[in-house]
Structures are given as structure tokens and as C-alpha cells.
Amino acid sequence: MSARIAPSILSADFGKLYEEIQMINDSQADWFHVDVMDGVFVPNISFGFPVMKPLKASAKKTLDVHLMIVDPDRYTAAFAEAGAHILTVHYEACTHLHRSLNNIKNHGMQAGVALNPHTPVSLLKDILPLCDLVCLMSVNPGFGGQSFIENTYTKIRELKSMIKECGSNTLIEIDGGVTLANAKALTDAGADVLVAGNTVFGSANPIQTIAELKSITA
Ligand code: DX5
Ligand code: ZN
């Protein structure tokens with residue numbers, strides 16, 4: 001089975017957002033990856049509910065929302081209402097992660113945890129059964145178009161064996177610097193979902209690039 005491909009809307013042309021959404025709908029992409037940044041947890045501000053609205057109205061695929069914000073619990077209910085299917089919070093932003101994940105599930109969404117590049121996967125040992133998804137940041141969060149951090153491969157392998165050991169169905173998502181050149185190696189190491197911003201939206205033919213990401217990882 002090929003990797004799930006999740007184009008990151010952060011790299012889309014917001015002047016033609018509706019067309020970009022239709023393009024992803026028409027492509028082989030599996031999910032929409034939606035990066036929400038608050039300018040506090042990360043040194044950049046992206047977008048929030050005004051962008052969730054057209055996505056909820058027009059996107060025909062899973063909305064995978066990645067919150068790069070402090071104190072994300074404040075917005076769990078609002079993102080459920082806004083149409084998020086998967087809500088991912090940062091390990092580094094949650095003092096009571098167990099409570100945060102339960103809260104997300106109680107609002108009918110799947111719960112994800114994202115780890116910054118410096119955060120070891122071993123810290124998830126006692127929370128893994130609650131994680132529908134673990135998002136390994138393979139760049140420092142905040143911006144699209146950065147280069148991939150190679151240590152991510154080691155983290156994928158370690159996380160994969162932790163998941164096997166605990167018997168959970170947790171998906172491993174890789175976020176940042178995914179390209180046509182590293183997609184296969186990431187999948188071979190154990191990644192289930194590949195986020196791609198610049199690789200998809202910076203390409204001359206995004207539909208074709210998404211198809212290539214699917215076939216490379218098959
Ligand atoms: C980074 C975001 C990523 C980003 C990926 O903070 O979480 O999802 O959009 O973009 P690329 O694929 O261009 O590195
Ligand atoms: Zn992201």
C-alpha cells in the first residue's frame with residue numbers, strides 16, 4: 001500500500017484557494033494538511049478559521065489539522081465545529097497531553113501528537129495507545145520549504161517498533177522537507193503519511209507530482 005499523501009495548504013496560492021482545493025480533490029492525494037500557527041509557539045502566523053470554512057465547504061478528503069499553537073485545548077471544540085477530522089497538537093505545547101487527546105476524541109475527531117525535531121519519541125511510551133497519529137516534524141515548525149532533517153529516519157524506526165510493541169494502530173506522519181527524492185526511503189523506514197507542501201504546490205504539475213509520490217511509495 002502506498003503512503004497517504006497530505007498536501008500542505010500552507011504552500012497553496014491563497015489568491016485561488018478554491019481552485020487549489022479542487023485540484024487536491026481531483027488528485028490522488030489522501031488528506032488535506034492544514035497548518036495553523038499562532039506566532040507564539042512558532043515564529044510565524046498562518047491562518048485559522050477563515051480558511052477552515054472554504055475547506056469544510058469544498059474539500060472532499062480528510063482534513064488533517066496541525067496546530068502549532070500554545071494551549072491548544074482552548075480551540076478543540078471550535079476545530080471540531082470547523083470540520084477537522086484529525087486534530088494534532090504539539091507535545092511541547094501540552095502540559096496535560098492525556099487530557100488534551102481525550103478531549104479531541106470526545107469531540108469526535110482523531111487525535112494526533114506532533115514532536116519537534118529535538119523531542120525524543122521515547123517520551124510517547126505511556127501515551128501511544130491514545131495516539132491515532134504521531135507527526136514527526138522533520139523541519140523546525142513554522143515555515144514551508146525548509147530542508148529535511150536526516151535524524152528523522154532514526155526516529156521513524158524507533159517509533160515504529162514502539163507502536164508494534166504496544167499494538168496500537170498509530171499512524172506515523174512525516175512533516176517537513178518531503179520530496180520525490182526521499183519519499184520512498186521515508187516509507188521504507190515506516191512512515192504511513194507524508195505531508196508535502198513545497199514539493200506539491202511548487203511543482204509545475206501538482207497533480208502529476210502527487211501521482212508520483214503515490215507511485216514511488218507503493
Ligand atoms: C511546517 C509545517 C509543514 C509545512 C511543510 O511548520 O508544519 O506542514 O507546510 O512544508 P514543506 O513540505 O514545504 O516542508
Ligand atoms: Zn504541518
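This passage describes a zinc site, a pocket, a strand and a loop residue in a predicted model. Local features were accepted at pLDDT of at least 70 and side-chain atom pairs at pLDDT 80 or more, whereas totals for chains, interfaces and linings use all residues. Residues are numbered from 1 along each chain, ligands are numbered from 1 in the order in which they are written, and side-chain values use heavy atoms, without hydrogens or water.

The zinc ion (ligand 2) is bound by the protein donors H33 (NE2), D35 (OD), H66 (ND1) and D175 (OD), at 2.0 to 2.3 Å. Donors are N, O and S atoms within 2.8 Å of the metal (3.2 Å for Na, K and Ca); water is not among the atoms, so sites may look incomplete. Along the sequence, the donor residues follow the spacing H-x1-D-x30-H-x108-D. The site has six donor atoms with angles of 69 to 171 degrees and is octahedral, a class that requires opposite donors over 155 degrees apart and all other angles between 65 and 115. Ideal angles for six octahedral donors are 90 or 180 degrees.

Two of these donor residues, H33 and D35, belong to strand 2 (31–37); strands are DSSP runs of E with at least two residues, and helices are runs of H or I with at least four, numbered from the N terminus. H33 is buried, with a relative accessible area of 0%, and D35 is likewise buried at 5%. Here buried means under 20% relative accessible area, exposed over 50%, and partly exposed in between (1.4 Å probe, protein chains only). In strand 2, seven of seven residues are buried, with W31, H33, D35 and M37 on one side and F32, V34 and V36 on the other. Strand 2 pairs in the parallel sense with strand 3 (residues 62–68) over seven bridges, where pairing requires at least two DSSP bridges. Within this pair, F32 stands opposite L63 of strand 3.

After strand 3, the loop leading to helix 3 (76–81) contains D71. The phi of D71 is near 50 degrees, a positive value in a residue other than glycine. Most residues other than glycine have a negative phi. D71 is partly exposed, at 42% relative accessibility.

Strand 2 also supplies at least two residues to the lining of the largest pocket, as do strand 8 (193–196) and helix 7 (198–201). A pocket is an open set of points on a 1 Å grid over the protein atoms alone, where a 1.4 Å probe fits, with protein on both sides within 12 Å along at least five of seven lines; lining residues have an atom within 4 Å of a point. The largest pocket holds about 280 Å³ of space. Its lining comprises 26 residues, of which G144, G145, G176, G177 and G197 are the closest to its centre.

Notes: Tetrahedral: all angles 85-135°; square planar, octahedral: opposite > 155°, others 65-115°. Points joined across faces, edges and corners; volume = space filled by probe spheres on them.
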